[in-house]
Amino acid sequence: MRIRRLAVQAFRGFRERVELEFAPGFNLIYGPNEAGKSTLLEALEVALFERHRSKGPQLRALRPAGTELAPEVAVELEVEGAVWRVRKRLLERPEVQLERAGETLAGEQAERALAELLRAEIPRRQSTEAHRGVWPLFWIRQDRALANPTAGLSEGARRTLEQALGGEIAGVLGQGAEALLARVQQRCDRYWTDKQARPRKGGPLAEAEERLARLQQEVEQARRRWERARELADAVAAAEAGLERCAACLRELEAPRAQARLRLEAVQQRERARAELVAELQAREQRYRRWLAERDRRQALATELQRTEQQLHALAGGREQAQRRATAAAALLEASRRQLEQAREAERAARLEAARLRAAREALGCAAALQQLQARRARLQQLGQERAALRAALGQAPLGRRELEHGHALARTLAEARARLEAVATRVEIAAEAPLVLERGPGEQALQLEAGEERVLRVDAPLLLRLPGLMRLRLCPGGEQLQARRAAFATAQQELDRLLRRWNVPNLEELAAAVEQAQQLQRRLGELEVEARALAPEGELALEREIEELRQRLAEALERAGAGSCEQLRALGPVQIEHAEQRAEHAAELLRRAEQECARAEAEHQAAGEQLRHCEREQQRLEQERQRRAEELARAREVGPDDEQLQQLLAQAAAELESGRQALRHAEQELERLEPARTRAEAERLQARWQQAEQEHAAAERRVLEARARLREAQGAADYTALDELEAQRAEAAAELEQVRAEAEAVLLLQQVLQQERERIQQRYLEPVRQRVDRWLAGVMGCERGGVRLAPSLEVEGLQTPAVGFEELSAGTREQLGLLVRLGLADVVAGEGTLPVVLDDNLVWTDEQRLERMLQVLAELARRLQLIVLTCHPERYAALADVHRVDLAILRRVGATTSR
């Protein structure tokens, strides 16, 4: 099979239709990056392997950027002398057609026929390398150049390669070898897994093993049940013995527990008697303390009453002294107030004089500032008139450089349009041998030529020339681009004329002069604006407000100064104003001193009054306190016993308290002889032992009952007859397992022998590939390396000398070895026919010396295979002859021109 032709349209970067033809041998398609080399390989894969109804995101990415066009691909193939044509349209109104010898298939029928022709699979949704058969092995993308060439091949691709490489297995093992291998493998799969050769889950061997294990487990469980019954019988006997021991222990504890209880009752009786004595003693102590507190309270009241009377006597002298101090402070305060009033009158008069003089000074300052502001307002009004005149002039001028640049751009566009029009216009050269008059069409000026004069006319529209009395000549220029370029020229001329009419100038030079004049006016206007902002930073209204405010301040200052105009105040000098302010300050200082003296007098008067009031309040409080304590002392003597009776009651309570304490000491001594702590501890210990023994006895009874119940249950579950039957079934299952295992091992051994023989034969039919690759390796790498190692699964393991794995090789060596293995497989698979091999920018990791040798291999294979090399380095293939070269840049330009 070989590819004859490929056409793409609306496919990634190929917006217009581009068509390529391929030679049978070496085809070199080159162009820079982004020229579309890899896109062509992708177009081949889409045309041959992708379903036309697929709509995944990868297929939507095939559209040219920014468009909704439907990608189209067409491929012409030659297979065994027959020509097949495939055309696919994707995404929008998808369709597929397969044509051969006048017969056309469409839709799913065409997809199935194409997949059968290419020995590929029809994908359910989107195509992958697993669906494309052996073709990913021979169509090498950029990102697959360094990968192991045969790693990851689908099972269908491996079968295709094996069928193409040779059928020696059937020759050695017989015509039914594959069927025998399949039956043996099928039988082996019943017993064993594919990889670890372990019993397959659900298979006969696994089921026999599981049945034997299950019966073995049941036998063990039956034996454990009998052993459990015997253990439970022993446990019942042990529990009954423990119950008897607990009963004996309770009988031993009965007598000591009764004796300890009697001793504890005697101790408790003594403790109750002691508690009664303690309560009686506490009552006596309370009576004693009550009479003692009453005596102490009466003594304290008498003492406090005496101290209060002493304080009242001392306070009487202090009150007379405070009265004298308050009288002197009142006289001083009256004198200070009179002096303060005089100082206030003097300060008020000085302040009024100073305020009048300051108002006069403020009025003079406001008058001077108002004169300056009025001068600024006059200048500002003059600037406003000048700015208005400049704005009026600017309103009739071009706006600026942008309009001028736009005009120059229109002039350049007009010149380019004129040049393009002249390039396609008809050129008429006229040479007059005698005086000649040529009349043009209606409304056009005649053309006069003298003898020997030459004239060149460029005709871009139909033109009528008349030679009076001789002939009439009509020139009709043609060409596809003439109308468009004439329209472009007319449009550019109209745009330029419109701009010149807009600003009322005859040409661009006048427009430039007008723009320059406008810019000068703009600069002058900017200077005036700056000056105006300096005169009135906040605007004219703010300046007017400031003038009005100054006028009001001037009027107010004149009113405060008592003058009608500023001329009356100009006679005042700064010395007078300064003297008035000094007099006002001196009067204010005298006023402050008088106020301070008056404040001190008021403070002294208030302090003296406060001291007097404090003495009166303290005297009143002490009098009330003395009266209250005297009443309280009298009331205590009236309600209770008098002082002598109180002393007798206190002595009687002390005697009763002492006799109670002696009785309590006697009771404590009797209680101590009974050792209450030891008796109580002994009683508690015996009681705890008794309770523990009762708990143990109850637990022993529960254990006996539980053990007897478990024993009855275990005796019911244990059955010697069932155990004998399970052992018989186990022996039968063991015999059956031995038989199944023998059969399974025999099948496994047969499968291994057949597989080893098959692998040995595979090594034999891989020999043609190995020979080709070894010969090419020797030529490319020289004598230092050689000999490829291929696994029976066709995977490249590495080199034999030295023994290096494929992944351990350098990038360049992996690239060269992988390419040679692919080429060797392609050469053997092609056989007597041909096969297309596509290399998408391969050999980029190869140095110049090895590249030359690799090109020799490619040149040799180009005699038998169809090689399609996509590259951005065509100079690396310059030494090759008989190469069909295609420059993608030129091809795309030609395709685009043809489409237009």
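Is Asp882 buried or exposed? Keep that residue in mind; the tour reaches it at the last stop. The model on your screen is a predicted one.

**Whole chain**

Start with everything shown. The chain has 900 residues, and 38% of them count as buried. Colour by secondary structure: there are 20 helices and 20 strands. Now think about contacts between residues with a separation of 6 or more. Residues 24 or more positions apart account for 73% of those contacts.

**Stop 1: Ala10**

Select Ala10. This residue sits in the loop between strand E1 (2-9) and strand E2 (18-21). Its phi is positive, near 55°, and the residue is not a glycine. Check its surroundings too: Ala10 counts as buried because its relative accessibility is 5%, and the cut-off for buried is under 20%.

**Stop 2: Val86**

Move to strand E5, residues 82-89, and pick out Val86. Val86 is buried, at 2% relative accessibility. Which residues does Val86 touch, not counting residues up to four places away in sequence? Select Ala47, Val73, Ala74, Val75, Gln97, Leu98 and Leu114. Now add Leu48. It is 38 residues from Val86 along the chain, yet the two C-alpha atoms are separated by 7.7 Å.

**Stop 3: Arg338 and Ala594**

Next, find helix H8, which runs over residues 204-395, and select Arg338 in it. Arg338 is partly exposed, with 48% relative accessibility. Then select Ala594. Arg338 and Ala594 are 256 residues apart along the chain, but 9.5 Å separates their C-alpha atoms.

**Stop 4: two cysteines**

Show Cys246 and Cys249. Why is there no bond from the sulfur of Cys249? The closest cysteine sulfur, in Cys246, is 7.2 Å away, and that is too far for a bond. A disulfide needs the two sulfur atoms within 2.5 Å. By this rule the count comes to zero disulfides. The two residues can also be checked for accessibility. Cys246 is buried at 11%, while Cys249 is partly exposed at 27%.

**Stop 5: helix H10**

Select residues 482-502. This is H10, with 21 residues. From first C-alpha to last it reaches 30 Å, close to the 30 Å expected. Colour the buried residues of H10: Leu482, Arg486, Ala492, Leu496, Leu499 and Leu500. Look down the axis of H10. The buried residues fall within an arc of 155°, so they line one face of the helix. An α-helix has 3.6 residues a turn, so residues three or four places apart point the same way. Now turn to the other side of H10, where Gln483, Ala484, Arg501 and Arg502 are exposed. Past the end of H10, find Asn504, which has a positive phi near 60°.

**Stop 6: helix H17**

Select residues 767-781 for H17. H17 has 15 residues and should span 21 Å; its end C-alpha atoms are 20 Å apart, which agrees. Which residues of H17 are buried? They are Val769, Arg770, Val773, Trp776, Leu777, Val780 and Met781. These buried residues cover an arc of only 140° around the axis, which puts them on the same side of H17.

**Stop 7: helix H19 and its contact with H17**

Keep H17 on screen and add H19, residues 848-861. H19 has 14 residues, and its end C-alpha atoms are 20 Å apart, in agreement with the 20 Å it should span. Its buried residues are Arg850, Leu851, Met854, Leu855, Val857, Leu858, Glu860 and Leu861. What covers them? The cover includes strand E3 (26-30), H17, helix H18 (811-830), strand E18 (836-840) and E19.

Now focus on the pair. H17 and H19 pack at an angle of about 145°, and their axes are 8 Å apart. From H17, select Arg775, Trp776, Gly779, Val780 and Met781. They meet Arg850, Arg853, Met854, Val857, Glu860 and Leu861 in H19. By class, this contact of H17 with H19 has six nonpolar, one polar and four charged residues.

**Last stop: Asp882**

Select Asp882, in the loop between strand E19 (866-871) and strand E20 (883-887). Asp882 has a positive phi of about 55° although it is not a glycine. Here is the answer to the opening question: Asp882 counts as exposed because its relative accessibility is 77%, and the cut-off for exposed is over 50%.

Note on methods:
Residues are numbered from 1 along each chain as its sequence is written. This is a predicted model: local features need pLDDT of at least 70, side-chain atom pairs count only at pLDDT 80 or more; totals for chains, interfaces and linings use all residues. Side-chain values use heavy atoms; hydrogens and water are left out. Axes are lines fitted to C-alpha atoms, for helices over the stretch in contact, and angles run from 0 to 180 degrees between N-to-C directions. Helices (H or I, at least four residues) and strands (E, at least two) are DSSP runs, numbered from the N terminus. Contact means heavy atoms within 4.5 Å. Ala, Val, Leu, Ile, Met, Phe, Trp, Tyr, Cys and Pro count as nonpolar, Asp, Glu, Lys and Arg as charged, and the others, Gly among them, as polar. The expected span of a helix is 1.5 Å times one less than its number of residues. Buried means under 20% relative accessible area, exposed over 50%, partly exposed in between (1.4 Å probe, protein chains only). The arc is that of the directions from the helix axis to the C-beta atoms.
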